[in-house]
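Hi,

Here is the structure I said I would pass on. Have a look at it first, and my notes on what turned up are underneath.

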Amino acid sequence: MSVREVVVWPDPRLRQPSVAVTEFGPALRALYQDLVDTMYAERGLGIAALQLGDPTRMFIVEPELAGRAKEDPPVAFVNPEVMFESDDKQKSDEGCLSFPNIYVQVERPMRTTVKAQDLDGNWFEVSGEGLLARCLLHENDHLTGKLLVDFVGPLKRQMIKRKLAKRGERDDE
Ligand code: NI
């Protein structure tokens, strides 16, 4: 149970293949709690385990955004699968805890349905539109190694790299 350091691009750990969960036990719950603590500390709407450098196939989403009560715990999506993506799209700026202070315009489906297991291994489905669809698909992208920089051209990619490198130098001082 702790706030952990978020891995920042271009750290190669963000591109590792994620590993399907087969054991729904205490280790998974401990990782979930670290994700929760870190997401709230960083004020994110969601976070994937790969962003803590852990290849477990899981992400979490802030409860209200995911359609639960505000006081509910964040929703764990274990072994998620995208079941549906609408043809109609939405375009908006998107951020990511692995790209601090960087925003990229990303076109995504307006609606999606994601199937996943909870921390006990029970399957459930969430359908969302707008910001929830964007968040679900963004977090799911993490588990396939896809990142914000994959939506931009080479020039913008270099610019983002420079910005994040400068930030890294400042942190070292
Ligand atoms: Ni992200």
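**The cavity and what surrounds it**

Searching the whole structure, which is a predicted model, turns up one cavity of 30 Å³ or more. Its volume is about 40 Å³. The residues lining this cavity are C96, F99, R108, H138, D141, H142, K146, L147 and L148. By type, the lining splits into four nonpolar, two polar and three charged residues. Helix α2 is the biggest contributor to the lining, with three residues.

**The nickel site**

Some of those names come up again at the metal. Which protein atoms act as donors to the nickel ion? They are SG of C96, NE2 of H138 and NE2 of H142, at 2.0 to 2.2 Å from the nickel ion. Along the chain, the donors of the nickel ion are spaced as C-x41-H-x3-H. C96 sits in the loop between β4 (89-94) and β5 (104-109), while H142 belongs to helix α2 (residues 131-143), so this pair ties together parts that are 46 residues apart in sequence. If you are wondering about access, C96 is buried, at a relative accessible area of 11%. H142 is buried too, with a relative accessible area of 1%.

**Helix α2**

Since α2 turns up in both places, I looked at the helix itself. α2 is mostly covered, with 12 of its 13 residues buried. Among the buried ones are the charged-type names you might not expect on such a list, but I'll just give them: R134, E139 and D141. L132, A133, L136 and L137 are also on the buried list. The length checks out as well: at 1.5 Å a residue, the 13 residues of α2 should span 18 Å, and the end C-alpha atoms are 19 Å apart, which agrees. After α2 comes G145, which has a positive phi, near 80°.

**Cysteines**

How many disulfides does a search of the whole structure find? Zero. Take C135 in α2, one of the buried residues of that helix. The cysteine sulfur closest to that of C135 is in C96, 10 Å away, which is too far for a bond, given that a disulfide needs the two sulfur atoms within 2.5 Å. C135 counts as buried, at 7% relative accessibility.

Shout if you want to go through any of this together.

Cheers

Terms used: Residues are numbered from 1 along each chain as its sequence is written. This is a predicted model: local features need pLDDT of at least 70, side-chain atom pairs count only at pLDDT 80 or more; totals for chains, interfaces and linings use all residues. Side-chain values use heavy atoms; hydrogens and water are left out. Donors are N, O and S atoms within 2.8 Å of the metal (3.2 Å for Na, K and Ca); water is not among the atoms, so sites may look incomplete. Helices (H or I, at least four residues) and strands (E, at least two) are DSSP runs, numbered from the N terminus. Buried means under 20% relative accessible area, exposed over 50%, partly exposed in between (1.4 Å probe, protein chains only). The expected span of a helix is 1.5 Å times one less than its number of residues. On a 1 Å grid over the protein atoms alone, a cavity is a set of points where a 1.4 Å probe fits but cannot get out, and a pocket is an open set with protein on both sides within 12 Å along at least five of seven lines; lining residues have an atom within 4 Å of a point. Grid points are joined across faces, edges and corners, and a volume is the space filled by probe spheres set on the points. Ala, Val, Leu, Ile, Met, Phe, Trp, Tyr, Cys and Pro count as nonpolar, Asp, Glu, Lys and Arg as charged, and the others, Gly among them, as polar.
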